[in-house]
Amino acid sequence: MASLPTLAFHGAARTVTGSCMELCLGDRRMLIDCGLFQGSRSLEALNREPFSFDARGLDAVILTHAHIDHSGLLPKLVSDGYAGPIWCTEPTRDLLRYMLPDAGRIQEYEAERRNRRADRAGEEPFVPVYTEADAQAAVAQARPVALKTWFEPAPGIRARFWNAGHILGSASVEIEAGGTHLLFSGDIGPEHKAFHPDPEAPAGFDHVVCESTYGDRVREEVTIEQRRTLLEAEIRGALTRGGNLVIPVFALERTQELLLDVASLINAGRLPHVHLFVDSPLASHATDVFAKHKEALEDLGSGEIFRHPSFHFVENAGQSMRLNSMSGTIIMAASGMCEAGRIRHHLRHNLPRRESTVLFVGFQAAGTLGRAILDGAHRVRISGHDVTVRAQIRRIDSYSAHADRDDIHAWVAARAPIAGSLFLTHGESEAIETLRRDLPSQGAANAIVTPEIGERYALAIGAPAKRIATGRADLGDALGQDWQNDYARFATSLKQQLAEIESASARREALTRMRAILDSFKEHRGKRRNPRR
Ligand SMILES: [Zn+2]
């Protein structure tokens with residue numbers, strides 16, 4: 001007699017990173033995604049824990065898309081002995097060729113940096129989570145398959161991909177396992193996304209797993225044309241000021257969306273032939289992958305958008321340095337939140353220039369350099385240098401790769417009827433709770449489940465899922481804001497709050513009281529000599 005499939009959540013539950021689900025049917029086991037945890041230190045510490053399953057015992061991995069929070073632990077999985085296929089779409093495979101080795105280099109660099117720190121003398125050397133070589137090995141295991149085409153990841157289980165409209169190659173996964181009909185959304189894109197048609201998938205399932213990233217946000221509807229007009233105004237403004245326009249970008253997708261928009265504006269005569277430099281090797285490689293798959297992309301119009309004569313792809317650090325002496329150019333560089341990469345060097349040289357402009361087009365998390373600049377910092381610290389901010393700081397926040405609340409509602413409604421459970425994953429608690437409260441019931445027996453990391457569910461046919469293993473109670477700290485995030489926010493607001501106190505004596509009084517509070521914690525010191533995780 002056939003057993004029920006079970007589904008376990010190993011990441012991206014009550015948080016947005018570390019996507020990893022394990023589907024079991026009898027003794028067959030497979031993963032849907034195997035992503036890196038990103039964000040606070042306590043979250044990133046989870047990347048170093050051993051997997052809670054045996055990597056060598058897996059039959060298959062199905063990967064929804066190339067973003068590192070979905071794919072970034074594949075090299076670790078492979079170095080732990082997983083030797084089977086990584087099923088994905090062809091564009092995803094092509095992107096992984098660059099994304100994973102880049103992630104491996106970052107891991108190696110980070111380990112090296114930590115080991116160099118003097119205060120670590122005498123401690124165990126810090127070992128990278130994985131290396132560039134592990135990443136190359138994982139890439140070799142990618143097995144591309146076309147959208148809407150059934151494949152058999154394990155005997156008795158079949159699956160197929162549907163366009164998710166999120167980034168190049170992104171897909172939702174439909175799976176039939178032991179008579180149970182399942183759908184995993186992956187990350188889904190918004191309406192009016194450049195390049196990709198709206199997300200697509202069949203209707204009528206036993207269970208659906210849906211992402212919730214922006215489940216509590218409604219974005220103003222902005223068409224591609226309206227967004228382009230906003231960009232045109234920003235570029236014109238920057239060119240009038242005469243300095244450079246520096247745009248911190250994510251290498252994958254945001255870079256290519258901007259290239260598409262700038263090329264369209266130049267070709268339509270709405271902008272002059274400005275020189276645009278893409279100064280990020282990863283962004284340049286990702287752009288090549290877009291060019292390779294241009295037949296599958298919408299909105300490209302005629303001609304070779306990515307080979308536009310105004311675009312220059314910077315190849316080495318020397319060329320990157322030479323941009324310092326230029327004016328009136330557009331410089332796009334990674335990383336998107338200014339935490340690493342060549343963008344820091346361009347910020348260092350352009351932030352002090354009144355005639356330069358820095359334009360933010362992506363989300364800036366609390367505690368990042370990008371966020372500090374966006375929040376109006378007058379001085380910032382970049383690679384050991386104090387940098388005064390005189391440049392114009394601008395933002396456009398209507399570029400997005402994620403469905404908002406209304407898009408998610410529509411996507412879920414289009415999957416009805418859902419006979420069993422709707423699992424909400426890949427969101428902070430607030431987004432998930434808002435969705436749980438507002439989503440209309442999609443079927444008679446529909447139950448909304450908000451799983452936690454470590455939980456496992458039995459997936460019945462036509463009935464709600466039943467929890468058969470409880471989650472990890474120890475993760476509360478990692479999933480919430482940890483103290484370092486709270487500290488960063490506190491430190492940022494401290495000076496301003498003090499300045500708002502009416503007199504100098506009252507300000508000193510506030511400081512005295514704060515010091516007294518800290519002193520009252522003295523007894524806690526010494527009890528935990530080595531709080532290192
Ligand atoms: Zn994604």
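Reader: In this structure, which residue of β22 is the bridge partner of Thr-6?
Author: The model is a predicted one. Strand β1 (residues 6-9) and strand β22 (residues 456-458) pair in the antiparallel sense, over 3 bridges. Within that pairing, the bridge partner of Thr-6 in β22 is Ala-458.

Reader: Which residue in β2 stands opposite Phe-9?
Author: β1 also pairs with strand β2 (residues 21-25), in the antiparallel sense and over 4 bridges. Opposite Phe-9 in β2 stands Met-21.

Reader: Which residues of β1 are buried on one side, and which on the other?
Author: In a regular strand, side chains alternate between the two faces of the sheet. Both faces of β1 are covered. Thr-6 and Ala-8 are buried on one side, and buried on the other are Leu-7 and Phe-9.

Reader: Which atoms coordinate the zinc ion?
Author: The donors follow the spacing H-x1-H-x98-H-x20-D along the chain. Their distances to the zinc ion are 2.2 to 2.3 Å. The coordinating atoms are His-65 (NE2), His-67 (ND1), His-166 (NE2) and Asp-187 (OD).

Reader: How many residues apart are His-65 and His-166, and are they buried or exposed?
Author: His-65 counts as buried because its relative accessible area is 0%, and His-166 is buried because its relative accessibility is 0%. His-65 lies in the loop between β4 (60-62) and α2 (68-71), and His-166 in the loop between β8 (157-163) and β9 (171-177). The pair links distant parts of the chain, with a separation of 101 residues.

Reader: Is the site of the zinc ion tetrahedral or irregular?
Author: Four donors count as tetrahedral if all angles lie between 85 and 135 degrees. The angles among the 4 donor atoms of the zinc ion are 89 to 162°. The site is therefore irregular.

Reader: Which strands stand at the edges of the sheet with parallel pairing?
Author: This open sheet has 6 strands in the order β14-β13-β15-β12-β16-β19, and its twist averages 20° from one strand to the next. Two of its strands each have a single partner, so one side of each is left without a neighbour in the sheet. These strands are β14 (311-313) and β19 (392-395).

Reader: Which residue in β15 stands opposite Asp-279?
Author: Strand β13 (residues 276-279) and strand β15 (residues 330-333) run parallel and are joined by 4 bridges. The residue opposite Asp-279 in β15 is Ala-333.

Reader: Which strands stand at the edges of the sheet with mixed pairing?
Author: The order of the 7 strands in this open sheet is β7-β8-β9-β10-β11-β20-β21. Its neighbouring strands are turned against each other by 25° on average, direction ignored. The edge strands, each with a single partner, are β7 (151-154) and β21 (447-449).

Reader: At about what angle does helix α12 run to β11?
Author: Strand β11 (residues 205-211) pairs with strand β10 (residues 180-184) in the parallel sense over 3 bridges. Helix α12 (residues 405-413) lies across β9, β10, β11 and β20 (418-425). Its direction relative to β11 is about 165°.

Reader: Which residues touch the most other members of the largest nonpolar core?
Author: This core holds 100 residues, and helix α7 (residues 254-267) gives the most to it, with 7 residues. Apart from it lies another core, of 18 residues, including Ile-188 and Leu-435. In the largest core, the residues touching the most other members are Leu-77 and Ile-175.

Methods. Residues numbered from 1 in each chain as written. Predicted model: local features only at pLDDT ≥ 70, side-chain atom pairs only at ≥ 80, totals over all residues. Heavy atoms only, no water. Core = buried A, V, L, I, M, F, W, Y, C linked by side-chain atoms within 4.5 Å. Buried < 20%, exposed > 50% of the residue type's maximum accessible area, 1.4 Å probe, protein only. Donors = N, O, S within 2.8 Å, 3.2 Å for Na, K, Ca; no water. Tetrahedral: all angles 85-135°; square planar, octahedral: opposite > 155°, others 65-115°. Pairing = 2+ DSSP bridges. Axes fitted to C-alpha atoms, helices over the stretch in contact; angles between N-to-C directions. Contact = heavy atoms within 4.5 Å.
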